[in-house]
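Visitor: I'm new to this one, so could you walk me through it slowly?
Guide: Gladly; let us have the picture in front of us before we start.

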Amino acid sequence: MNAEPARLAAGMPYDVARVRADFPVLATRVRGKRLAFLDTAASAQRPLQVIEAVAAYERTSHANVHRGVYQLSQRATDAFEGARERVRRFLNAASEREVIFTRGTTEAINLVAQSWARSTLGPGDEILITWMEHHANIVPWQMVCQQTGATLKVAPIDRRGELRLDAFRALLSPRTRLVAFTAVSNSLGTVLPAAEIVAAARAVGALVLVDAAQAVPHERVDLRALDCDFLAFSGHKLYGPTGIGVLWGREAVLREMPPWQGGGDMILTVSFERTTYNALPYKFEAGTPNISGAIGLAAAIDYLEGLGIERVHAHEQALLQRATAALGRIPGLTIVGQAARKAGVISFTLEGVHPHDLGTILDAEGVAVRAGHHCAMPVMDFFEVAATARASFGCYSDEADLEQLVAALGHAREVFG
Ligand code: PMP
């Protein structure tokens with residue numbers, strides 16, 4: 001194992017073998033076969049640097065945060081707040097007060113729905129999303145529309161899996177109070193035109209929430225350039241632990257929002273007559289947080305930035321191109337989602353084979369892909385498929401993974417041929 005992250009000197013070729021050596025799980029065998037892990041979009045594997053950062057914290061520094069006067073608690077608090085600062089720097093956010101730790105993207109979006117939207121919206125107000133959203137960016141808005149009488153609008157996509165920008169613009173009006181969209185579709189891989197969407201939303205005075213769950217692992221997200229109001233992502237898709245994620249919110253907006261969950265840490269004073277709330281970001285962090293998760297997330301950000309997000313992006317794009325060409329040559333295989341700009345995600349169907357059966361056959365060959373609706377049932381309905389198989393890439397994906405996938409698909413065609 002590498003003691004240091006596989007830092008790659010500028011100008012040197014991307015050394016995927018060195019990167020892979022950082023990920024112990026990739027050396028495990030599955031059903032006696034080499035593991036070709038092609039489900040990074042669902043959850044990325046963790047490098048040793050993350051595993052060890054979490055273990056070191058557990059071994060030497062764990063105590064509850066923000067409360068203890070003793071040294072160990074201070075150490076834990078420093079590490080936890082250090083992780084918040086690391087996230088701030090990663091996103092180029094203006095202040096740590098804007099970085100709220102959550103369980104993940106899902107909780108971050110629910111927080112905005114139940115705090116901002118529930119307290120602000122009423123009949124006649126509209127929330128605009130796209131057809132490509134993950135259920136996590138659909139259902140919380142449906143729930144809050146039921147609670148407030150607001151209306152949910154959906155901007156359509158085309159057969160290539162791209163947002164129809166003209167139709168999106170036509171749905172915007174002064175009634176639109178929030179535009180919530182995914183920067184990258186998890187089911188199709190489409191990279192949405194974030195700058196155009198934000199500018200159009202701003203022009204009608206709407207706030208903007210970006211679901212960046214599939215974006216932050218693959219491309220640099222700079223909040224000052226993006227100019228949104230909320231952004232959500234999950235640690236586990238970024239080579240970090242599960243159960244930790246981030247809601248970033250613009251400070252001026254967060255300050256006006258009521259707390260969502262009540263409890264310890266989010267208060268300044270409590271009496272039975274009156275409770276006063278803590279300052280940002282603690283107002284939105286009720287209860288003991290996921291301390292080791294935040295520390296693992298900071299280590300994951302260090303790791304990815306050590307590799308260089310731009311270089312990881314280029315590596316994944318090269319794999320995507322080769323995979324698209326290789327899968328395109330397989331008779332009966334249809335790639336679902338052919339947008340001009342895509343992240344390292346390929347959804348596909350194979351004629352005569354149900355995606356779940358396909359997933360099982362590929363598993364027998366050591367190939368881990370996702371089969372199902374990818375928490376994006378409206379996308380499946382749009383393409384009139386019950387499900388797809390999906391291969392997705394990360395910093396450690398390599399040619400051998402791809403070759404194993406193509407060989408296993410050949411085998412599936414023989415079995416069902
Ligand atoms: N949005 C997108 C685009 C996703 O891909 C996912 C996870 N598949 C989520 C939201 C939800 O993330 P989590 O389950 O980590 O909360």
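Guide: One definition will help us from the outset: Ala, Val, Leu, Ile, Met, Phe, Trp, Tyr, Cys and Pro count as nonpolar, Asp, Glu, Lys and Arg as charged, and the others, Gly among them, as polar. Please also keep in mind that this is a predicted model.

Visitor: OK, so how many residues of each class are in the shell around the ligand?
Guide: The shell around the ligand is made up of 8 polar, 2 nonpolar and 2 charged residues.

Visitor: And which residues surround the ligand?
Guide: Going along the sequence, the ligand has T105, T106, H134, A136, T182 and N186 among its surroundings, and the list continues with D211, A213, Q214, S234, H236 and K237.

Visitor: What distances do T106 and S234 keep from an oxygen atom of the ligand?
Guide: For T106, a polar side-chain atom is 2.6 Å from an oxygen atom of the ligand, while for S234 a polar side-chain atom is at 2.7 Å from an oxygen atom of the ligand. With T105 the partner is a polar backbone atom, which lies 3.4 Å from a ligand oxygen atom.

Visitor: How much of the ligand does the protein bury?
Guide: The ligand taken alone exposes 400 Å², and the protein buries 85% of that area.

Visitor: Where does the ligand sit, in terms of pockets?
Guide: The ligand takes up the space of the largest pocket, and that pocket holds about 380 Å³ of space. There are 25 residues lining the largest pocket, and those closest to its centre are A42, T106, H134, H236 and K237.

Visitor: Which helix gives the most to that lining?
Guide: That is helix α4, residues 105-120, which contributes 3 residues to the lining of the largest pocket. By class, the lining of the largest pocket has 11 polar, 7 nonpolar and 7 charged residues.

Visitor: Switching topic: what lines the largest cavity?
Guide: The largest cavity has about 30 Å³ of space, and its lining consists of V184, H218, E219, H313, E316, Q317, A343 and G344. Sorted by class, that lining has 4 polar, 2 nonpolar and 2 charged residues.

Visitor: And the backbone: is the peptide bond from L280 to P281 cis or trans?
Guide: The bond from L280 to P281 is cis, with omega near 0 degrees, and P281 itself belongs to the loop between β12 (275-277) and α10 (291-307). For context, most peptide bonds are trans.

Visitor: Is the phi of R31 positive or negative?
Guide: Phi of R31 is positive, near 50 degrees, in a residue other than glycine, and R31 is found in the loop between β1 (29-30) and β2 (33-34). Most residues other than glycine have a negative phi.

Definitions and conventions: Residues are numbered from 1 along each chain as its sequence is written. This is a predicted model: local features need pLDDT of at least 70, side-chain atom pairs count only at pLDDT 80 or more; totals for chains, interfaces and linings use all residues. Side-chain values use heavy atoms; hydrogens and water are left out. A residue is near a molecule or strand if one of its heavy atoms lies within 4 Å of it. A polar contact is a pair of N or O atoms within 3.5 Å; within protein, one must be able to donate a hydrogen and the other to accept it, and residues adjacent in sequence count only if both atoms are side-chain atoms. Accessible areas come from the Shrake-Rupley method with a 1.4 Å probe; for residues, only the protein chains shown count as cover. On a 1 Å grid over the protein atoms alone, a cavity is a set of points where a 1.4 Å probe fits but cannot get out, and a pocket is an open set with protein on both sides within 12 Å along at least five of seven lines; lining residues have an atom within 4 Å of a point. A molecule sits in a cavity or pocket if more than half of its atoms lie within 2 Å of its grid points. Grid points are joined across faces, edges and corners, and a volume is the space filled by probe spheres set on the points. Helices (H or I, at least four residues) and strands (E, at least two) are DSSP runs, numbered from the N terminus.
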